[in-house]
Structures are given as C-alpha cells and as structure tokens.
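Work through the exercises below with the structure open. Try each task before reading its solution.

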Amino acid sequence: MNDSIIVLDFGSQYSQLITRRVREVQVYAEMFPWDAPAEQVLALQPKGFILSGGPNSAYEPGAPYVPDYVLQSGLPILGICYGMQAITVALGGKVAPAGEREYGPAEITTIQANPLIPPGSMPVWMSHGDRLESMPQGFERLAVSANSPYAAMGDLQRNYFGVQFHPEVRHTPGGLALIQRFVSDICGAQANWTPGAIIEDSVARIRAQVGSERVLVGVSGGVDSSVAAALVHRAIGDQLVAVFVDNGLLRKDERLQVDSAFRKNIKMEMHTVDAVEDFMDALSGVSDPEAKRRAIGRTFIRVFEQAALSVGQPRFLVQGTIYPDVIESSAPDRNKGHKIKSHHNVGGLPEDLSFSLVEPLRYLFKDEVRAVGEALGLPVELVWRQPFPGPGLAVRCLGDITMERLATLRSADAIFTGELHAAGLLGGRRKADDPGIAQAFAVLLPVRSVGVMGDLRTYQEAIALRAVATDDFMTADWARLPYDLLARVANRIVNEVPGVNRVVLDITSKPPATIEWE
Ligand code: XMP
C-alpha cells in the first residue's frame, strides 16, 4: 500500500486542490468529508492529516469539528484556514470574528524556526473572516503578517500545524514547497505516487476484480476513455475488447487517429461500428438542441448494446470515471444547480444495464490520467487533446444536421485548430491549472449572408470561431487570439471551405454564455 495523506474536507472550494497538490509532490492523498466514518479513513493507514478550509465559524454551535480519531491517532496534522481554527477550538484556544474579512495577497514573516515554513518572508494568499485570539496550549506562533498575528502556528512536539493562509493556491508561490515539507519531512510519507506506481496498482486491482472474464470498453477518442482502455489492456490483454462507434459526428481524421492509436500502437482488439446512417436518420429534421442530444443518446445506447451483443456480451464494462466526478457526486450539496444542458446523459449508458463496472481512473485527477496515458504509450495528440462533447459536432452544427453541413464544419474546424496548433497556442502538454486556451473550435451557423467572390455574388452560411481560456470549464473567458492568426484563419476558411462566405468571432465569456453553442 502506498503511503497516504488524508485531506478532510470542511467545505472549502479548495479542498480538491489540496488533494491534487499533495499528489503533485508524488504522495498519494485522498479526500474525505470531515465527518466520514473513522474506519473508512483509517483503512488507508495514513501518515498524516490535512484539514481544509471551510465556510463555517469554528466557534458556532454545530460547526464541523476535528474528529476525535484524528487527534488520537498521534499523526501530524496541518490545518489550513478553517482547519487551523477547528484545531484551535478542539484543543482549547480561542477563535473570534475578525473585524474585517481579510482577502487577497499578504506577506508573512517567520518568527520562529520550524520545519514547515522557511526563514524570512514570503507572499501568501489570505481569505478568512475569523481569526485566532489565543492558541491552544503547547502551540507557538511561527509566522505573522500585518493583519494576522497568528498567520502560522505549530506544536512542534506533537507535529500539529495551522496556517491562516492558503498554501494550495497558485497565489501562494511557496505553497507547494510548504505542502511538500509537511507530507515528506513532517509526516515522513514516501514520494512514490508516480505514473509507474499508479499503473502497477491499477493493474493489480483490475486483475483482482475481473479474473478471467471478458471486459468491454467503449472508446470515443476522448482522453479518459482512451487511458482507461489502455490501462485495462495492460492488465488483462486480450480479455479486453473495445468498441468504437463512428457516429458521423467526429472531427476530421478522428476515426483514423483512434484506429491507429489502439489497433496499431496498443494492439488492442477493437471493433469499429459504422453507425453514421443510424445517427443521421435519428437526427434528420431535428434542430432543437435538447432534442438533438436526446436523439444521439438514444441511438448511442441502441448501437452500443447491439455491439456488445455481437462481441459475446461481456460481463464487465470499463468506464472512464475520474476522481473529481467521484468527489462531486459524493458532495451533492455543492452541485444543486439547474440543468443547463443534459451533458452527462449523452454518450453515457443507462444505469440499469447488466454490466459490472470497472473504473480504473476512479482515484485519479485529470493530470494523473494524462501522465498514465503517456506512460502507457498513447500518443501525445490523443492524451493532450482538448475536450470534445459526447454529442460531437452535432452541438456545433446549429440547425439541421446533414452530411454536407457536417463536412463544412469539419473542414473549417480543422483549419482553425490546425493554425492554433501551428502557432503553439493549442495542444501539447499543459499543466492542469494552466489558464491558457483550453478549448477552441468552429461552429457552423444556420445564417446566410451575402458576399462577393471574384465577380460573383454569394449567399452562404457563416462560421463562428470559439476559443476559451479556462482551467475548470465552469467559468471561461474568450481567448485573446492574435489578429494575424485570426485574419489567416478567416481567409483560409472562406477560400478553402465551400459553402462559407463569412467568419465571425465569439467574444462572450461563460457565464453568461456557455462554451458550446448548444
Ligand atoms: P458548456 O457548453 O456547458 O461546456 O460550457 C462545458 C464543457 O463541457 C463540454 N460538454 C460536454 N461534454 N458531453 C460531454 O462529454 C456533453 O454533452 C457536453 N456538452 C458540453 C464542453 O465541450 C466544455 O468542455
């Protein structure tokens, strides 16, 4: 078993980020709600605890608190913001409302030598409304800032630490090193959570789960399903059979790329189902966005079930669920939103299908999924490609969907993304929280306008270019692309793509717009 650190979630928007940061220094971390059952948490035999921030006030009745088993474990604890305040309350110190909420950059100065925070000063990110009035017994102040006399505290005997600032955010440049000192030096956790170790661990779990049974995987060309398939193939080889549904809504050359990545590179048994006609029939005359998604979802399920039958109806099915999905679905309160689009029902399978699920990415963050994909020999273009929605080009081909309009869109999209790649603005390796261009594509609008080409009047459709910068896809800004590049793209599209005589640029952020047009 890998050494592990437990992150207890007190409701901060950054709890997931803390977990990711620990993994970035190659120590396995798992996140649990603060009140998760002790047995469940201790089953991991952790080396230490990190208590996250949170929206509550630690002194209020009913506020989340540090569970007894954590304090009784004798293991090191790092409390961040609310976590620090919760330790304070638990051990007899005092927390009170600060006169004013402190939010934004600050500078802390170390006043006591300690193993967590280096000597001197460092910039940090603060975000808190409460503050410490007095520390519990056994603690001493480690660092101060202009507004926080207790910017950091520690009990160096028991290895308990509290920081008022957020080491996990990018605005605290020394934060990752601080987290590393806590998990490696103070907790003594081995830094062995590498792609190689992840693969070894997953291979063992997959083999134990499926034994000698056959396993089915649906690949779409997306990162998660591709890496999941490659990982399961590494574990059980020919027991795995892949099905790739060509729904006619793929990007240029996508079918070939998927074919070559799996059949040639990984030598996996893969059945490509040409279902283009089924999808075109289902979409014929459908232009309402939600109706399109439903039609695609229904057709996919029918085609996939048929394909499963034709390869002998394996008992197990691989799903590319990743750790953030697992965390989100276990914290329902945070996601009570309205349905904006029926995303997750599309391209997915109904829950009552008679498969047992194999979820090899269940504990991995996206950046780990990519690192594993590369380590398994998947091509960089596939591992680092931008997200592509389950309903594919259908949601970018506004209005009626015909083979001809899809071909138009596909060509325009290839020109736009090709130019972005050539300019180094899209594709290639990027850090998970890099706010650079995360997604860029063309949209075909069912709007005709007048143009002139040579001496001829044209009356044709328009292409909209959409490029967004985001690191979480929940909010996004439109990307400021170089004018010369935009000029080249527009020029090439109207010259090279029949049926298009106008190119426009989408300059709305999300919200209020969404990233996709439908
Ligand atoms: P929106 O358009 O809601 O998209 O801002 C946010 C992100 O989700 C992707 N997206 C989908 N992904 N199935 C998917 O797997 C879908 O039906 C779907 N719809 C949108 C979108 O490309 C963007 O990355």
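Buried means under 20% relative accessible area, exposed means over 50%, and partly exposed lies in between (1.4 Å probe, protein chains only). Helices (H or I, at least four residues) and strands (E, at least two) are DSSP runs, numbered from the N terminus. This is a predicted model: local features need pLDDT of at least 70, side-chain atom pairs count only at pLDDT 80 or more, and totals for chains, interfaces and linings use all residues. Residues are numbered from 1 along each chain as its sequence is written, and side-chain values use heavy atoms, with hydrogens and water left out.

**Exercise 1. Check helix α7.**

Task: How many of the 14 residues of α7 are buried? Compare the span of α7 with the expected one.

Solution.
- Step 1. Locate α7 at residues 223-236.
- Step 2. Get the expected span, which is 1.5 Å times one less than the number of residues. For the 14 residues of α7 this should be 20 Å.
- Step 3. Take the distance between the end C-alpha atoms of α7: 20 Å, which agrees.
- Step 4. Count burial. In α7, 13 of the 14 residues are buried, so the helix is largely enclosed by the rest of the structure.
- Step 5. Look past the end. G237 follows α7 and has a positive phi, near 50°.

**Exercise 2. Place helix α8.**

Task: Which elements do the buried residues of α8 pack against?

Solution.
- Step 1. Find α8 at residues 254-266. Its 13 residues reach 17 Å from first C-alpha to last, close to the expected 18 Å.
- Step 2. List the buried residues of α8: E254, V258, D259, A261, F262 and I266.
- Step 3. Apply the contact rule: heavy atoms within 4.5 Å. The buried residues of α8 pack against β10 (215-219), α7, β11 (240-246), β12 (269-274) and α13 (380-383).
- Step 4. Check the next residue. K267, just after α8, has a positive phi of about 55°.

**Exercise 3. Describe the α9-α10 pair.**

Task: At what angle do α9 and α10 pack, and which residues make the contact?

Solution.
- Step 1. Fit the axes. They are lines fitted to C-alpha atoms, for helices over the stretch in contact, and angles run from 0 to 180 degrees between N-to-C directions.
- Step 2. Read the geometry. Helix α9 (276-283) and helix α10 (289-310) pack at about 145°, and their axes are 9 Å apart.
- Step 3. Name the residues. α9 contributes D278, F279, A282 and L283; α10 contributes K292, A295, I296, T299, F300, R302 and V303.
- Step 4. Zoom in on F279, which lies in α9. At 1% relative accessibility, F279 is buried. Residues up to four places away in sequence aside, F279 touches V245, N247, I296, T299, F300 and V303.
- Step 5. Look further along the chain. F279 and M403 are 124 residues apart in sequence, yet 11 Å separates their C-alpha atoms.

**Exercise 4. Pack helix α12.**

Task: Which residues of α12 are buried, and what do they pack against?

Solution.
- Step 1. Select α12, residues 366-375.
- Step 2. Pick out the buried residues: E368, V369, R370, V372 and G373.
- Step 3. Trace their partners: α1, α6 (195-210), α7 and α13.
- Step 4. Finish with G377, which follows α12 and has a positive phi, near 90°.

**Exercise 5. Inspect unusual backbone values.**

Task: Where are Q26 and F473 found, and which peptide bonds near P511 are cis?

Solution.
- Step 1. Recall the background. Most residues other than glycine have a negative phi, and most peptide bonds are trans.
- Step 2. Examine Q26. Its phi is positive, near 65°. Q26 sits in the loop between α1 (15-24) and β2 (28-33). Q26 is partly exposed, at 33% relative accessible area.
- Step 3. Examine F473. Its phi is also positive, near 65°. F473 is in the loop between β16 (456-469) and β17 (477-478). At 30% relative accessibility, F473 is partly exposed.
- Step 4. Go to the segment after β18 (500-505), where P511 lies. The bond joining K510 and P511 is cis, with omega about -20°. The bond from P511 to P512 is cis, with omega near 10°.
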